[in-house]
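Colleague: I would like a close look at a single part of this model. Please take one strand and go through its neighbours and its surroundings.

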Amino acid sequence: MKTGIFIILFLGLFIFSAQATELNAPNDTTYIFLKDYGLYKTRKKNAIKQFYKALDDLKTDQPKILVFSTGTYHFYPDGCKTKVYYEANTTNENPKVCAFHFENIKNLVIDGRGSHLIFHQEMQPFTFDNCQNITLKNMTIDWEQPFIAQAEVLRVTEHYMDIGLDPRESPYRIVDGKIFFEIGNGQQNEWNSTLEFDRKGRFIVPQTGGTPCLGDHWNAYHAEPTMPGIVRLHFSFERKPQIGNYLVMSHAKASHAGVFIHESENVEVNNLRLYHAVGPGIMANHCKNLIIDRYQAIPNRSKNRYFSGLAEGLQLSGCIGEVVVKNSTFQGLTSDALVISNAIINKSTSESQAVKELKENGSHATEVAIKQNTFNSCRGSGIVLTSADKVQIQNNMFETSGSAVLIAGVSDTERQANGVSDVKVFDNTFNSYCNSSTYSLCEAIISVFPSIPKINEQSLPYHKNISIQNNRFYPFDIPLIYALSVDGLVFQNNTINKSSDISPFHDRQYNFSFEYCKNIKVTNNIFSDDIEGKNILLQKTPQNQLNTDLTHTFEIVRY
């Protein structure tokens, strides 16, 4: 009897759950199952033709859900749509090879249901061109043979070192003493740059991210195979890597985004795990209203990778409206994690109607919320801003090898950009590995450094209204904040505790540096007793523009 009651209760719960799931979609929603078009587990056969069979059924304006059957699918360039796109931070080699290409599509949810999409050669997994009301969710993107190789450091001497490579994941050849990696279609790329990742901590080894980690002239090496998967590099490398660490060996240029969103409106990416891309992980270009939730641009640990994508994790260029990036993780990227820029619009390129309307009615407002994300070790900064109206950076964790937050910009006449006008950085944690390598513009854990060719004390401030409050800092070195050409910067109610994880090395010997700034406030902060420096630099910044309660404990240095 009890068993019967249990079965009835279980069936009732199952029916209720199914009904609740269906209620999430409008009543007129059409479900389009890719299995009905012949998409099954493909055993490395090209599955792209099944998608294009279904494409015509996606061109109605009514709500629709494109559904994958959970599985692993492989995709190759053959049979893919090709189109010319100019994408920021990628090469201008065109046309782009676009696997899942959506153009002028409205009201579509793409549900991977946990599927693994494996790509081969240079291609762009997802492209949304002039689309509206789109959701991409619940899938993993990876490459069978990525465009980055990884080598374990096996032996290091004064005159050579031995490295271990996986020839299945990164097929390679040695030609005239140099290592070339096969990328498919008979093409090969030469090893051209390197990062060293700590084996245990999975972070970029301090002081190696912004300079050649093997020292200058490292590419004068002569490679010799010693046994399958092991290569001896003959050269007296200026800097020796640690045995057991991994060298991440780049050999390709960024050519395609992982997900490219072009002049589209109301797009959400949800629960997407992107292990690799041949360029920026997600690139949004002149779009209105974006939500990026539970996005992971991270290494594929099941393959023991320490690297993820070939460029930025998320690049937002010229976007307007509401932008939300939350609950996401960035790690192992060979560039900055998240970049928000005001790109120049090519006049020969048409804009979406949504973008045109927003500009015509005079509303250019962009409100960006970056919250509850993890910015692990990548080559470069965590967040890079060049312009935006309102930005909230809240409840994030940073341990990036460059500045955690870099507010940049360019002021020359050819690439004018409006600076930030309202940035709030609060309730974040800045761990000890922040700013652990030297990069251009990364003068401190938070660096405000626009490029201004001609500046004097009469110049108008480039950025304004930056508030840094209620954060936790664990610096290993002296520089906390660097700001150039800011009107209105508040550093308040923060806790700063010195870390001993890394030996100090920065040339900048000031906790706070303010150059050509106005209306600066540094009050009500808690510093551990062992914090070094205890000073504030005012360079071309009048002392009456600084409001601080540190005058008795910190030295004020003026130039």
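Modeller: What follows is a description of strand E8 and the core it contributes to, with a short look at a residue elsewhere.

The model is predicted. Strand E8 covers residues 132-143. Nine of its twelve residues are buried, so the strand counts as mostly covered, buried being under 20% relative accessible area.

E8 pairs with two strands discussed here. Strand E6, residues 106-119, runs parallel to E8 and is joined to it by ten bridges. In this pairing, Leu108 is placed opposite Ile134 of E8. Strand E19, residues 265-274, also pairs with E8 in the parallel sense, over eight bridges. There, Ile141 stands opposite Leu274 of E19.

The largest nonpolar core has 112 residues, and the members that touch the most others are Phe100, Phe102, Phe126 and Phe514. E8 gives the most to this core, namely five residues. A separate second core has 20 residues, among them Met161, Leu165, Ile179 and Met249.

Phe102 can be followed further. Apart from neighbours within four places in sequence, Phe102 is in contact with residues including Phe51, Leu55, Phe126 and Cys131. Leu108, which faces Ile134 of E8, is also one of the contacts of Phe102.

For a residue elsewhere, take Ile370, which is found in strand E26, residues 366-371. Ile370 has a relative accessible area of 0% and is therefore buried. Not counting residues up to four places away in sequence, Ile370 touches several residues, including Val325, Leu338, Phe375 and Ile393.

Notes
Residues are numbered from 1 along each chain as its sequence is written. This is a predicted model: local features need pLDDT of at least 70, side-chain atom pairs count only at pLDDT 80 or more; totals for chains, interfaces and linings use all residues. Side-chain values use heavy atoms; hydrogens and water are left out. Helices (H or I, at least four residues) and strands (E, at least two) are DSSP runs, numbered from the N terminus. Buried means under 20% relative accessible area, exposed over 50%, partly exposed in between (1.4 Å probe, protein chains only). Contact means heavy atoms within 4.5 Å. Two strands pair if DSSP finds at least two bridges between them. A nonpolar core is a set of buried Ala, Val, Leu, Ile, Met, Phe, Trp, Tyr and Cys residues joined through side-chain atoms within 4.5 Å.
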